[in-house]
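This report looks at how a ligand is held by a protein chain and at how that chain is divided into domains. The sequence and the structure come first, and the description follows.

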Amino acid sequence: MKVAVVGATGLVGTKMLQVLAERNFPVTELIPVASAKSVGKEITYKGKQFKIVSMDEAISKKPDIALFSAGGSTSLNDAPRFAEVGTTVVDNSSAWRMDPTKKLVVPEVNADVLTAEDKIIANPNCSTIQMVVALKPLHDAYHIKRIVVSTYQSVTGTGVKAVDQLMNERAGIDGPKAYPYKIDLNVIPQIDVFGDNGYTKEEMKMIKETQKIMGDDSIRVTATTVRIPVMGGHSESVNIEFERDFDVEEVKTLLAKSPGVIVTDDIANLKYPMPLDAHEKDEVFVGRIRRDETQPNTLNCWIVSDNLRKGAATNAVQIAEYLVAKHLIGVPAEA
Ligand code: 2RA
């Protein structure tokens, strides 16, 4: 497979290269793409050096697949250009996620919606991915009516500048700022910009993307997304109201055998999911599973996952793996 990675020098792009190598994705030619200032520089993939090329040069090579993590404007502009030469694009930006003609995919949840005609596929938002991986088996078993989620999101979700701000603040260095406030020893109850309804774009992503991926607009979701000074991954406190009642031990057993999920729930021994434990892993970790005793058919749980891996790079590579396994890549779209 000729594989392009667009945004190859960013946090997610670099993680995409790492995951492609770890999972031995069948790469016959790697085409790293980054901004003009990076063209000609080199990246390392499986111990070999590869020169970064321009978008135009990458498109001229007609890759089989292009993994994008280069921002929404680049995706809007250049994903269609790749698709026109037959490339299948998996895009990590939010550009295409709510486009009704594009699929929004978490393989453990809805990979079966994919067809050979899908030439631009959207990778969901990291905080949405980890939640739906855990909630899909519960929705199938008990039918979700309403979700109340509060997130505790790593600075890596913002990017290198935010990680640098945190580290500089810890070292007492006055450097460039990614946030309007200090992030060390603080939490910022805002991720992305506010809309007219008082919710941020990040919160609206969790609301809308969850319904699209689960294929059920009847699921009511409300969200509060918060930035915290950690590195290893995003954490979420989730309250779920179901149509049908459940047994907590049955829920734990169901989750433990669900794809992509690891249940870490042994409070007697203080075992529960934490970002430092999820870091550099691909699973979604679920713990603190307990009944909400204030209303019927309602569950509380705690969900943690590495936002750069399952929340972005690994999910994109898993989509690519599914396309290859089902022979959906490299098949010319119907005229
Ligand atoms: C964040 N989910 O955490 C957003 C984008 N990665 O900032």
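## Polar contacts of the ligand

A polar contact is taken here as a pair of N or O atoms within 3.5 Å. The model is predicted, and in it a nitrogen atom of the ligand lies 3.0 Å from a polar backbone atom of G157. A nitrogen atom of the ligand is also found 2.6 Å from an N or O atom in the side chain of E202, while an oxygen atom of the ligand is 3.0 Å from an N or O atom in the side chain of Q153. Of the 240 Å² of accessible area that the ligand has on its own, the protein covers 78%.

## The surrounding shell

The residues around the ligand are N125, C126, Q153, G157, T158, I191, E202, R227 and H234. Sorted by class, this shell comprises two nonpolar, five polar and two charged residues. The space that the ligand takes is the largest pocket.

## Domain arrangement

The domain assignment of the chain gives two discontinuous stretches for each domain, with domain 1 covering 2-123 + 313-326 and domain 2 covering 127-154 + 187-305. Between domain 1 and domain 2, the contact takes 17 residues from the former and 14 residues from the latter, and the C-alpha centres of these domains lie 27 Å apart.

Key:
Residues numbered from 1 in each chain as written. Predicted model: local features only at pLDDT ≥ 70, side-chain atom pairs only at ≥ 80, totals over all residues. Heavy atoms only, no water. Near = heavy atom within 4 Å. Polar contact = N/O pair within 3.5 Å; in protein donor to acceptor, adjacent residues only side chain to side chain. Areas by Shrake-Rupley, 256 points an atom, 1.4 Å probe, with all protein chains shown as cover. 1 Å grid on protein atoms, 1.4 Å probe; cavity = no way out; pocket = protein on both sides within 12 Å on 5 of 7 lines; lining within 4 Å. Sits in = over half its atoms within 2 Å of the grid points. Nonpolar A, V, L, I, M, F, W, Y, C, P; charged D, E, K, R; others polar. Domains from an automatic or database assignment. Contact = heavy atoms within 4.5 Å.
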